[in-house]
Amino acid sequence: MTEQSDERSDARSDVRSGPEVGGDDRQQACSGEHVRACTVREVLDRVGGKWSIGIIIQASRGPVRFTELERSIEGISRRMLTLTLRNLERDGLLVRTTYPTVPPRVEYVATEMARELYDSLLVLTGWAERHRQAIAAAREAYDRRTAGTA
């Protein structure tokens, strides 16, 4: 078993977009007294991202392979899964391990830091499941009330 470090360049595409997330622009946006708040916002954006929650939950249960994640996370594209895995690995939330087999086997496992989130993410996803119908109904009611007012 060999642990593969991610030597990929920081120039690769990021899941997020906008001027505030690119190299120098991010440094300027996160300078001075806003450093702490910006860092917290970035961390929350990453761990609370559309795809990150499912990946962290799966990887916290034990080693998981790319294809397993692809099958279990409804609607995620291969590219988005790849980008999200790279970003979670870069942030220290996942460890990527490559096994010297033919073809090579790659597994992802949550780090201790990510496993700390596991219970909180289960509570959050449970809340979303319990309230999704009420939220959908509230959206429909809002849309009916505001139709034609824009």
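The following dialogue goes through the main features of a predicted model.

Biologist: What conventions apply to the numbering and to the side-chain values?

Modeller: Residues are numbered from 1 along each chain as its sequence is written, and side-chain values use heavy atoms, with hydrogens and water left out. As this is a predicted model, local features need pLDDT of at least 70 and side-chain atom pairs count only at pLDDT 80 or more, while totals for chains, interfaces and linings use all residues.

Biologist: How many helices and strands does the chain have, and what pattern does it follow?

Modeller: Helices (H or I, at least four residues) and strands (E, at least two) are DSSP runs, numbered from the N terminus. The chain has six helices and four strands, and the pattern along the sequence is β-α-α-α-β-α-α-β-β-α. Contact means heavy atoms within 4.5 Å. Among contacts between residues at least 6 apart in sequence, 57% join residues at least 24 apart.

Biologist: What share of the residues is buried, and how much area does the chain expose?

Modeller: A residue is buried under 20% relative accessible area, exposed over 50%, and partly exposed in between (1.4 Å probe, protein chains only). Buried residues make up 29% of the 150 residues in the chain. Accessible areas come from the Shrake-Rupley method with a 1.4 Å probe; for residues, only the protein chains shown count as cover. The chain exposes about 10,300 Å², of which carbon and sulfur atoms supply 52%.

Biologist: Why is helix 3 described as largely enclosed by the rest of the structure?

Modeller: Helix 3 (residues 52-60) is so described because seven of its nine residues are buried. Among them are Ile 53, Ile 55, Ile 56 and Ile 57. Just after helix 3, Gly 62 takes a positive phi of about 145 degrees. In the loop between helix 2 and helix 3 lies Lys 50, which counts as exposed at 70% relative accessibility. The C-alpha atoms of Lys 50 and Ile 76 are 9.5 Å apart, with the two positions 26 residues apart in sequence numbering.

Biologist: How many salt bridges does a search of the whole structure find?

Modeller: Side chains of opposite charge can pair when their charged atoms come close. A salt bridge is a side-chain nitrogen of Lys or Arg within 4 Å of a carboxyl oxygen of Asp or Glu. The search finds five salt bridges. One of them joins Arg 46 and Asp 91, at 2.5 Å from N to O. This pair links distant parts of the chain, with Arg 46 in helix 2 (residues 35-47) and Asp 91 in the loop between helix 5 (78-90) and strand 3 (94-99).

Biologist: Are Arg 46 and Asp 91 buried or exposed, and what does Asp 91 touch?

Modeller: Arg 46 is buried, with a relative accessible area of 8%, whereas Asp 91 is partly exposed at 34%. Their C-alpha atoms are separated by 8.6 Å. Not counting residues up to four places away in sequence, Asp 91 touches Arg 46 and Met 113.

Biologist: Which residue forms a salt bridge with Arg 78, and which with Arg 132?

Modeller: Arg 78 forms a salt bridge with Glu 70, the closest N and O atoms being 3.0 Å apart. Arg 78 counts as exposed at 51% relative accessibility, and Glu 70 as partly exposed at 23%. Arg 132 meets Glu 129 at 2.9 Å, N to O. An α-helix has 3.6 residues a turn, so residues three or four places apart point the same way. Arg 132 and Glu 129 both lie in helix 6, three residues apart, about one turn of the helix.

Biologist: Which residues make the nonpolar surface patch?

Modeller: Patches are made of residues with over 30% relative accessible area and no salt bridge; like charges are joined within 9 Å, and nonpolar side chains (Val, Leu, Ile, Met, Phe, Trp, Tyr) within 5 Å. Leu 124, Trp 127 and Ile 135 make a nonpolar patch of about 270 Å². Ile 135, in helix 6 (residues 112-146), is partly exposed with a relative accessible area of 32%.

Biologist: Where is the cis peptide bond?

Modeller: Most residues other than glycine have a negative phi, and most peptide bonds are trans. The bond from Val 102 to Pro 103 is cis, with omega near -10 degrees. Pro 103 lies in the loop between strand 3 and strand 4 (105-110).
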